[in-house]
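Student: Got a minute to go through the empty space in this complex? I'd like cavities, then pockets, then domains.

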Amino acid sequence: MTTENVFELDGRPLRFEDGETIFEAARRAGTAIPSLCYDPRLNAFGGCRMCVVQVEGIAKPVASCTTKITRDMVVKTTTPKVERLRKTLLEMVLSENPDRQVSADRGLAASEMNDLAQRLGVRRGRFAGATSGKSRPEDDNPFILRDYDLCISCYRCVRVCAEREGDYALGVKGRGFATQITAGFDRALGDSTCTYCGQCVQTCPTGALGDKQIMRFESLSAAPETTRTICPYCGVGCSVDLVTKGDRLVGVRPAMDGPANKGALCVKGQFAYDFVQHADRLKTPLVRNEAGELTPASWDEALDRAARGLTESIAKHGRKSVYGVASGRAPNEAAYAMQKLMRMLSGAHYIDNCSRA
Amino acid sequence: MSNPLEDMELPDVIFCIGTNMTECHPVAATRLKRAMANGAVMVVADPRRIRLAEIADLYLPIRVGSDAALLLAMAHVIEREGLVDEAFIAGRTEGYEAFREHLRPFSPEWAAPICQVPAADIERAALLFGRADKGAIYYTLGITEHITGVGNVQCLGNLALMTGNVGRPGTGINPMRGQNNIQGAGDSGAIPANYPGFQPVVDPKNAAKFERLYGRSFDPEVGLTKVKALELAGRQIHAMIIDGENTVVSDPDAHHCRRALEALDHLVVMDIFLTETAQLADVVLPATSWGETDGTCTNTERRVQRLRAAVPPVGEARPDWWIAAEIAKRAGLAGFDWKDASDVFNELCSVSPIYHGLDWERVAEGRYQWPVPEKGHPGTPRLHEDGFVNGRGQFKLIAYQDPAEVVDDEYPFWLTTGRRLTSYHTHTQTGRSEAIREVLPEERLEVHPEDLQRLGVKDGDAVRMTSRRGDVTLRVKATERSRPGTVFCSFAFSNVPVNLLTGSGYDPITDTAELKVCPVRIEREEAGLPA
Ligand code: SF4
Ligand code: SF4
Ligand code: FES
């Protein structure tokens with residue numbers, strides 16, 4: 001008997017934390033037990049049983065995502081029995097699903113189920129029959145696609161909305177094969193308490209929920225790349241991954257390890273990024289001509305004119321005749337450069353930012 | 001914020017005042033909802049029945065601009081009931097005796113008619129907060145955008161000090177910053193009172209330091225605020241540079257603001273769009289946008305994080321810092337030879353005591369919250385843990401003061417302004433998403449159904465709304481979110497420039513405009529809306 005928190009995983013001793021589940025400890029140790037209804041940010045649910053493992057002394061395989069480790073427990077994650085069980089379960093799930101590949105673009109976890117099927121070597125169609133779930137093409141909100149033909153009733157969307165967002169916009173109707181995810185009481189999302197934060201989309205493991213904004217760019221063939229940055233809107237400072245295809249900004253994904261948001265986003269950060277490559281963007285400097293119109297100019301001309309106006313003002317009206325306003329939306333470097341410029345120009349502290357309005 | 005965002009899941013009593021957090025800081029609000037799911041109690045004071053009010057355990061629909069009265073009365077009850085933290089007061093604060101005397105007349109019965117909420121509810125709010133083990137206060141512009149903004153914040157400070165809700169997990173006085181880098185703009189020195197890192201310009205040591213660093217001498221007195229500078233436009237101020245701000249739509253008293261900018265000899269605007277403000281400029285310089293710019297920003301919990309470019313800039317757009325540096329060089333100034341954003345940030349760190357332990361590499365993962373005084377320092381998620389920077393916490397003797405303008409027969413409605421979930425600021429960014437426009441097609445004035453009935457106006461009808469400074473026309477939306485006598489709209493839509501109406505007064509200390517209160521008159525607009 002050890003006195004420490006140690007159990008045995010696949011023949012090797014492993015430390016665990018009080019209250020840790022087999023699934024979590026295995027994950028920490030680099031053993032990826034298959035799962036479908038698991039999302040690390042949500043309370044363990046135990047719905048899909050894809051994560052079953054064999055625990056010594058217990059006849060039936062147990063769901064590792066809900067089973068807490070006890071000292072000296074002996075766990076095997078890959079016995080022929082659990083592997084068979086997982087395959088059968090997955091085949092059943094897939095059989096209720098149309099044989100249709102959806103783009104991984106749909107959401108952060110959209111290809112989770114397909115990847116698992118490949119990993120376990122499960123093909124669709126063994127139980128081929130009617131599909132469960134009914135799509136909601138009539139929910140014409142511009143953000144979230146509800147393609148419930150693909151739904152496997154893992155409830156991740158319902159749970160993320162309740163547990164993480166606290167919005168309770170999604171619910172469940174019916175049981176078993178007839179289970180249907182609903183918004184409010186079977187309405188469109190727009191008529192529910194949904195705030196279009198997109199969290200349900202990002203946790204859905206099948207693509208049954210899709211990010212309609214990023215899906216606008218599905219036909220672009222370039223491979224998607226991501227860049228970590230911070231949301232441009234409010235002061236919470238949520239971390240996001242920008243998705244680009246070539247030079248095109250196609251979408252935004254929440255960063256699960258973002259220190260301020262831990263994977264959460266709101267509708268602005270998630271969906272309102274079109275301004276970046278909008279046709280209205282200013283593309284060249286403009287200067288006002290004799291006729292009083294703003295006309296395109298070279299950088300050299302515009303910068304000279306900008307600087308000259310400032311120095312002329314100082315020459316004519318004294319150093320305290322120039323003033324600068326920095327942006328509360330531009331980076332620190334912009335504000336720093338602006339304050340240095342204004343202080344150096346005038347020697348006065350004639351600089352402010354937009355926080356006072 | 002004095003405390004980290006993480007702490008928002010820890011309080012046992014949450015007091016939100018003047019913050020529409022579920023719409024303006026939605027992700028922060030999810031943390032409060034989780035705290036509530038874990039048993040925390042929430043008290044909300046706001047003139048509008050916002051979503052937070054709906055989920056609160058106790059909601060006080062206070063009249064706009066009556067915040068100080070409520071806070072004084074809560075302090076009164078906490079004192080009367082002996083719910084103060086004696087040890088904290090003795091060990092960490094100053095001026096409690098005078099404060100206690102000061103509070104005497106401010107009973108809930110005194111405050112009730114001012115706030116227009118029952119005295120019993122004020123009493124309950126005070127008891128809940130006073131009895132909290134971990135009580136946390138959250139506020140936003142609903143507290144500060146008043147002529148008494150500073151006093152309001154000090155009232156919140158008093159509440160936190162008297163109950164010892166400072167410097168511990170799940171407590172604190174927590175303003176939520178509205179714009180992604182409004183915190184960073186101040187940190188970086190773009191304010192008239194401080195050099196970078198909040199080093200006061202009036203301190204000769206700082207003046208000497210920056211003289212050495214920048215190679216020129218500086219005035220020993222605080223500069224002008226933007227509000228004052230606009231007032232002096234055409235008289236003292238003749239040239240201005242504005243970076244990324246749509247001043248003529250976002251600022252109060254828009255007519256005055258436009259006239260001020262027009263009175264300048266020279267206006268330079270850097271922005272990503274040709275905004276209403278840029279249209280007035282002599283020179284417009286295209287800046288790179290978010291998504292195209294490398295840099296850093298600082299969030300509401302003082303966390304310094306990296307911004308990264310993911311796509312090339314459109315057209316010839318250049319980073320703001322580069323534009324400012326080029327103007328400086330052409331004006332004959334030295335010290336602007338930065339190669340890239342990391343150069344600029346590293347210089348900021350070198351001159352700022354609160355960023356001194358940071359550099360470009362160190363902020364790559366956003367792990368640090370300032371102050372980070374030296375390399376190797378872990379950062380400071382929670383302020384005031386072992387003491388206040390300026391010694392002891394001071395109780396401030398604040399009196400209640402009416403808003404600059406109050407309702408009367410001519411202007412019988414209180415207008416209060418703010419933001420909505422799907423729009424941000426003047427909507428120049430959010431409004432360029434078709435999807436957003438689909439769910440928020442136009443601005444509507446939110447009015448209580450009883451008021452609409454009295455006005456003889458139906459949901460969706462057009463009205464003209466007039467203040468002492470100007471008028472706008474827009475459609476109304478019947479909603480019980482507004483209390484009778486109070487109406488709401490946002491400043492997101494340039495075709496409803498509600499800031500033509502606002503600007504009745506300014507906080508004398510910060511020059512923050514009273515954007516949250518403006519008496520108005522509302523009439524049916526027979527002509528309908530202009531197409
Ligand atoms: S919609 Fe997606 S997340 Fe929701 S239950 Fe169905 S498969 Fe799971
Ligand atoms: S995603 Fe929403 S809450 Fe997060 S920073 Fe952006 S605007 Fe704020
Ligand atoms: S992952 Fe464990 S039951 Fe679904």
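**Cavities, pockets and domains**

Tutor: The largest cavity has 26 lining residues. Nearest its centre are A:Arg329, A:Ala330, B:Ile272, B:Trp290 and B:Gln429. Keep in mind that this is a predicted model.

Student: How much space lies in the largest cavity?

Tutor: About 310 Å³.

Student: And what classes of residue make up the lining of the largest cavity?

Tutor: 12 polar, nine nonpolar and five charged.

Student: How many cavities of 30 Å³ or more are there?

Tutor: Six.

Student: OK, pockets. How much space lies in the second largest pocket?

Tutor: About 960 Å³.

Student: Which residues lie nearest the centre of the second largest pocket?

Tutor: A:Cys194, B:Glu23, B:Leu421, B:Lys477 and B:Arg481. The lining of this pocket has 33 residues.

Student: What's the class split in the lining of the second largest pocket?

Tutor: 14 charged, 11 nonpolar and eight polar.

Student: Which helix gives the largest share of that lining?

Tutor: Helix 2 of chain B, with four residues. At least two residues each come from helix 1 (21-24), helix 2 (26-37), helix 3 (51-55) and strand 16 (444-447) of chain B.

Student: Switching topic. What domains does the assignment give for chain A?

Tutor: Domain 1 (6-78), domain 2 (96-215), domain 3 (223-281) and domain 4 (286-353).

Student: What separates the centres of domain 2 and domain 4 of chain A?

Tutor: 52 Å, taken over C-alpha atoms.

Note on methods:
Residues are numbered from 1 along each chain as its sequence is written. Chains are lettered from A and ligands numbered from 1 in the order in which they are written. This is a predicted model: local features need pLDDT of at least 70, side-chain atom pairs count only at pLDDT 80 or more; totals for chains, interfaces and linings use all residues. Side-chain values use heavy atoms; hydrogens and water are left out. Domain bounds come from an automatic or database domain assignment. On a 1 Å grid over the protein atoms alone, a cavity is a set of points where a 1.4 Å probe fits but cannot get out, and a pocket is an open set with protein on both sides within 12 Å along at least five of seven lines; lining residues have an atom within 4 Å of a point. Grid points are joined across faces, edges and corners, and a volume is the space filled by probe spheres set on the points. Ala, Val, Leu, Ile, Met, Phe, Trp, Tyr, Cys and Pro count as nonpolar, Asp, Glu, Lys and Arg as charged, and the others, Gly among them, as polar.
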